[in-house]
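Visitor: I should like to go through this structure step by step, with reasons given for each answer. Where should we begin?

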Amino acid sequence: MSKTRKAGADAGNNSLKLCVKGQEPILIPSIYSIVPGLTPSFFEEADIAPSELEKNIDVTISSVALNEKRRYIIGEKVITDKLSGSEMESKSDKSTDELPVIMTLTGLAISAMKENPELDRIDANFDLSVALPVLTITPENAKHNAERFMGTHTVTFHHPSGRNVVVTIKIEYCKCLVEGGSGSWGIVYDEKGQVVKHKVELNDNIVDVDFVNKMFLSFDIGAGTTESVVSKGVVFNPRLSEGLHYGVKESILNVIKIWNRNNPRQTIDNITEFNEIYFNSEHPRHNRLRDAAENAFYQLANRLVTALLNKIDELKDDPYAFVYGGGAALLKDSMLKILKEKKRLTNVVFLKDPIFVNARGLLVYTCSARFEEMKLKQLGVV
Ligand SMILES: Nc1ncnc2c1ncn2[C@@H]1O[C@H](COP(=O)(O)OP(=O)(O)OP(=O)(O)O)[C@@H](O)[C@H]1O
Ligand SMILES: [Mg+2]
C-alpha cells in the first residue's frame, strides 16, 4: 500500500495555502484562466524546475467534484502571461464554488511532483482537512464539502517542453473544520501532537504558557471574511464565535478603483496583481501604490481593531487574542499603532507566518489522533 501523505488546505478568496507534512508550505493565488481547446505549443522550452512549479501552473483537472474536465492556467502565471483571470466572487459560497476544489487539487498535485520530480506518472494518497468560514458553515455543508474532496482525482501538469505529468490523487479521508477554529489546532499542538509552548510576558518576566485548557480568541483576517473565533484549547465555542462579512478585499478593490482612475495607462486588473506590486518592494510602482493605499488601510485597521477589542471585552479578563491571516500581515503596523494609542496591547499576539496559520492548523488536525479516530469510525480502516 502506498503511503498516505497528511495535508491541510486553506483555500481562500485570495489564495490557497497548503501544508503537507514534511514539506515547505505552498501558496498559490486563487486566480485562473481557462485555456481554450486548441493552444499552439512550441515544445522548445525546458521543464519547469521543482521549486518553480507553483509559479508556472498549466494543468488539466478531471474530477467528479468538478462539472467539466478543463485545462487551466492558475496563480502567478495568469499575471506573468498577461491573461484575463477569474477570481472568487465577493459573495461566493466556498462550500459549492468550484475554485476551492481546483486550487486544492492543483496544490496537492504540485506537492506530489516536488517529491518525485522525475516521474511522469505519480500516485499520491492523502488525508486532508479543509475549512469553511464561520458565517457560512453548517453541519450539512461541512459534511458535503469534505465529501466532495474524497475519492480519486486526476491532475495533469503540462510542462512547456511538452512533457505531461499525470498525478492521480486519492483523498482517503477528508474533514472540514471552521476557519479560525482550524488555526487553534496549530496554536495548541504541533504536527507530532506535542503541546506548543508560547513565550509570553508576565510581570516583566518571559514565561512559557500553553493553551490546552485556556480560552482564547483567534482573529483571522482574510480577504473576503474575518473570523473571530473563541475556543477553549481546540474546542470551538460557537456561541461566542462570529464571522465578519468583510476582510481586506473590499478595501483593496477600492484602492484599485482610485489607482486606475489616476493611472489609466497602468491599470491594476485584479487583487493578485495588486499583491504582486504591494508586497514587492522592488516593483517600480510599489512606493506609489503604498502611498495610494495608506488611508484606506488605516481606516480598515481601525474598523478591525474595534471589532477585536469589542470581542476581547465581551470575553472579559483579557484573554489571549491571536491575530493572523494575510490581512494581519497587511495591516499589522497600522493595527499595532492604534492598539498602542488606546493602551490595549495586553495579550494581543500577532502570530508569525500569519498567512499559513490556518493551513498549518489544518495539517496539525489531520495528524491528530482525533482525525485517525474519525477515519476509522467512518471508513472502518486506517
Ligand atoms: N505573502 C502574501 N502574499 C499575498 N498576499 C498577502 C501576503 N501577505 C498578506 N497578503 C494580503 O492578505 C490578504 C488576505 O490573504 P489571505 O490569504 O489571508 O486571504 P484568504 O484566506 O484567501 O481569504 P478568505 O479567508 O477571506 O477566504 C490578501 O488579499 C493580501 O493582500
Ligand atoms: Mg482565509
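Guide: We begin with a term: a residue is buried if 20 or more other C-beta atoms lie within 10 Å of its own, exposed if 12 or fewer, and partly exposed in between. The model is predicted.

Visitor: Which residues of H9 are buried?
Guide: Helix H9 spans residues 357–366. This helix is mostly covered, with ten of its ten residues buried. The buried residues are Val-357, Asn-358, Ala-359, Arg-360, Gly-361, Leu-362, Leu-363, Val-364, Tyr-365 and Thr-366.

Visitor: Is helix H10 mostly covered or hardly covered?
Guide: Helix H10 comprises the eleven residues 369–379. Just after H10, Gly-380 takes a positive phi of about 80 degrees. The count of buried residues in H10 is one, and the helix is hardly covered.

Visitor: Into which domains is the protein chain divided, and how many Å separate their centres?
Guide: The division gives domain 1 (4–177 + 360–379) and domain 2 (182–249 + 271–352). Taken over C-alpha atoms, the centres of domain 1 and domain 2 are separated by 26 Å.

Visitor: Which helix gives the largest share of the side of domain 1 that touches domain 2?
Guide: In the contact between the domains, 24 residues of domain 1 meet 25 residues of domain 2. By class, the domain 1 side has 14 nonpolar, seven polar and three charged residues. The largest share of that side, six residues, comes from helix H9.

Visitor: Where does ligand 1 lie with respect to the two domains?
Guide: The shell around ligand 1 has 20 residues, of which Gly-12, Asn-14, Gly-222, Gly-224 and Gly-326 come nearest. Domain 1 and domain 2 both give residues to this shell, so ligand 1 lies between them.

Visitor: Which helix gives the most to the shell around ligand 1?
Guide: Two helices, H6 (271–278) and H8 (326–341), each supply at least two residues of the shell. The helix that gives the most, with four residues, is H8.

Visitor: How many residues of the shell around ligand 1 are charged?
Guide: The shell is divided by residue class, and glycine counts as polar in this scheme. Eight residues of the shell are nonpolar and twelve are polar, while the number of charged residues is zero: there are no charged ones.

Visitor: Which residues touch the most other members of the largest nonpolar core?
Guide: In soluble globular proteins, nonpolar side chains tend to be buried together. The largest nonpolar core here has 101 residues. Helix H2 (residues 99–115) provides its largest share, ten residues, and domain 1 and domain 2 each contribute at least three residues to this core. The members that touch the most others are Ala-109 and Val-130.

Visitor: Which residues does Val-130 touch, not counting residues up to four places away in sequence?
Guide: Two residues count as in contact if their C-beta atoms lie within 7 Å. On that basis, Val-130 touches Ala-9, Ala-11, Thr-104, Asn-145, Ala-146, Phe-149, Cys-174, Cys-176 and Leu-362.

Visitor: Is Lys-316 buried or exposed?
Guide: Lys-316 is placed in the loop between helix H7 (286–315) and strand E16 (320–324). Although Lys-316 is not a glycine, its phi is positive, at about 65 degrees. Lys-316 has 8 C-beta neighbours inside 10 Å and therefore counts as exposed.

Visitor: Is Lys-343 buried or exposed?
Guide: Lys-343 is found in the loop between H8 and strand E17 (348–350). Lys-343 is not a glycine, yet its phi is positive, at about 55 degrees. Because Lys-343 has 7 C-beta neighbours inside 10 Å, it counts as exposed.

Visitor: With which residues is Lys-170 in contact, leaving aside its neighbours within four places in sequence?
Guide: Lys-170 has its place in strand E9 (residues 164–178). Lys-170 has 14 C-beta neighbours inside 10 Å, so it counts as partly exposed. Its contacts outside that sequence window are Asn-125 and Thr-152.

Visitor: What radius of gyration does the protein chain have?
Guide: The chain has ten helices and 17 strands, and its C-alpha atoms fill a box of roughly 65 × 60 × 35 Å along the principal axes. Buried residues make up 43% of its 382 residues. A compact globule with 382 residues would have a radius of gyration near 21 Å, which agrees with the value for the protein chain, 21 Å.

Methods:
Residues numbered from 1 in each chain as written. Chains lettered and ligands numbered in written order. Predicted model: local features only at pLDDT ≥ 70, side-chain atom pairs only at ≥ 80, totals over all residues. Near = placed C-beta within 6 Å. Domains from an automatic or database assignment. Core = buried A, V, L, I, M, F, W, Y, C linked by C-beta atoms within 7 Å. Rg over C-alpha atoms; globule rule 2.2 N^0.38 Å.
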